[in-house]
Amino acid sequence: MNFTSTPTGPLGLSRWLRNIVDTVRTTVIGMSITIKYFFTKPVTYEYPEQRMPVAPRYRGLHYLEQDICIACRVCEKACPIDCIEIRFERHPGNVNEWFEFSLDYNKCMHCELCCYPCPVDCIHMGREYSLVKYDRSELIVDLMAWDGMRDKDHVTIQAAIDKKKKKAEEAAAKKAAQAAKAAGYEPSAEDENEGEDEE
Ligand code: SF4
Ligand code: SF4
């Protein structure tokens, strides 16, 4: 539109006036929208200082409650694209020595199929969504809170070994007593005292 050019003839004058009316009308419409948003609460989040709230059931990054994980591998098997890698060694007392529990976010499609079948409900998808890395290899994330074993695990293992040993000794003694009984040998009070003295 050109307001400066001189309108020529009745048609030129009417177009010139229409341009002025349109300009004023569209400016008023535009400014009314601007003014409306000027007085409303801003919706911009200054990421990463400010985080956008996510829905309660948002499927973000996984987290593991390693304390209660029983290393059953159900999550690993349930994952349709083999993102989860679990390596451990089971010791007496059901103590797990952890070597690896990792998740490959290069592949993960955040379907949550690994979480539903967990028998002790210890793997979850959290609300954290930031996974900014400089290298793709960093997208293989370690979910373990610790690796190897904790001090209390060694105590549990030793207690389990002692218990098993005691049980085996009791079973052997019982077996020996049954064998002696079958052979017609009844231990005398002296024998029993001897056994106690030896202990
Ligand atoms: S969310 Fe889905 S793709 Fe990702 S690890 Fe779990 S089962 Fe696999
Ligand atoms: S399914 Fe649950 S308990 Fe079993 S290994 Fe996975 S996280 Fe651990």
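## A tour from histidine 110

Select histidine 110, in the loop between strand S3 (95–104) and strand S4 (123–125). This is a predicted model. Histidine 110 counts as partly exposed, because it has 13 C-beta neighbours inside 10 Å. Show its contacts next. Leaving out residues up to four places away in sequence, histidine 110 touches Arg59 and Met125. Now draw a distance from histidine 110 to leucine 61, C-alpha to C-alpha: it reads 8.1 Å, across 49 residues of sequence.

**Zoom out**

Color the protein chain by secondary structure. There are four helices and five strands. Their order along the sequence is α-β-α-β-β-β-β-α-α. Of the 199 residues in the protein chain, 6% are buried. Take the contacts between residues at least 6 apart in sequence: 70% of them join residues at least 24 apart.

**The S2–S3 hairpin**

Select strand S2 (84–91) together with S3 (95–104). S2 and S3 are antiparallel and share eight bridges. For one of these pairings, pick glutamate 85; its bridge partner in S3 is serine 102. Then move to the turn. Three residues lie between the strands of this hairpin, and glycine 93 has a positive phi near 85 degrees.

**Backbone stops**

Go to proline 48, in the loop between helix H1 (9–38) and strand S1 (62–64). The peptide bond from tyrosine 47 into proline 48 is cis, and its omega is near 5 degrees.

Next, arginine 73. Find it in the loop between S1 and helix H2 (74–78). Its phi is positive, near 70 degrees, in a residue other than glycine. Is arginine 73 buried or exposed? Arginine 73 is exposed, because 11 other C-beta atoms lie within 10 Å and the cut-off for exposed is 12 or fewer.

Then step to aspartate 82, in the loop between H2 and S2. Aspartate 82 also has a positive phi, near 50 degrees, and is not a glycine. Aspartate 82 is exposed, because it has 10 other C-beta atoms within 10 Å.

**The nonpolar core**

Select Cys75, Cys83, Ile84, Leu103, Cys108, Cys114 and Ile123: these seven residues form the largest nonpolar core. In soluble globular proteins, nonpolar side chains tend to be buried together. Center on cysteine 75. Beyond four places in sequence, cysteine 75 touches Ile84, Cys114, Pro117, Cys118 and Ile123. Of these contacts, Ile84, Cys114 and Ile123 are also core residues.

**Ligand 1**

Which residues are closest to ligand 1? They are Cys79, Cys83, Cys108, Cys111 and Cys114, out of 13 residues that surround ligand 1. By class, this shell has eleven nonpolar residues, one polar and one charged. Keep the core selection visible here: Cys83, Cys108 and Cys114 belong to both the core and this closest group.

**Ligand 2**

Switch to ligand 2. On one stretch of the chain, select Cys69, Ile70, Ala71, Cys72, Arg73, Val74 and Cys75, which are among the residues around ligand 2. Add Ile86, Cys118, Val120, Cys122 and Ile123 to complete the shell. How many residues of this shell are nonpolar, polar and charged? Eleven are nonpolar, none is polar and one is charged. Arginine 73, the positive-phi residue from the earlier stop, is in this shell.

End on cysteine 75 once more. Cysteine 75 is one of the seven core residues and one of the residues around ligand 2. Ile123 likewise appears in the core and in the ligand 2 shell.

Terms used: Residues numbered from 1 in each chain as written. Chains lettered and ligands numbered in written order. Predicted model: local features only at pLDDT ≥ 70, side-chain atom pairs only at ≥ 80, totals over all residues. Core = buried A, V, L, I, M, F, W, Y, C linked by C-beta atoms within 7 Å. Buried ≥ 20, exposed ≤ 12 C-beta atoms within 10 Å, placed from the backbone. Contact = placed C-beta atoms within 7 Å. Helix = DSSP H or I, 4+ residues; strand = E, 2+ residues; numbered from the N terminus. Near = placed C-beta within 6 Å. Nonpolar A, V, L, I, M, F, W, Y, C, P; charged D, E, K, R; others polar. Pairing = 2+ DSSP bridges.
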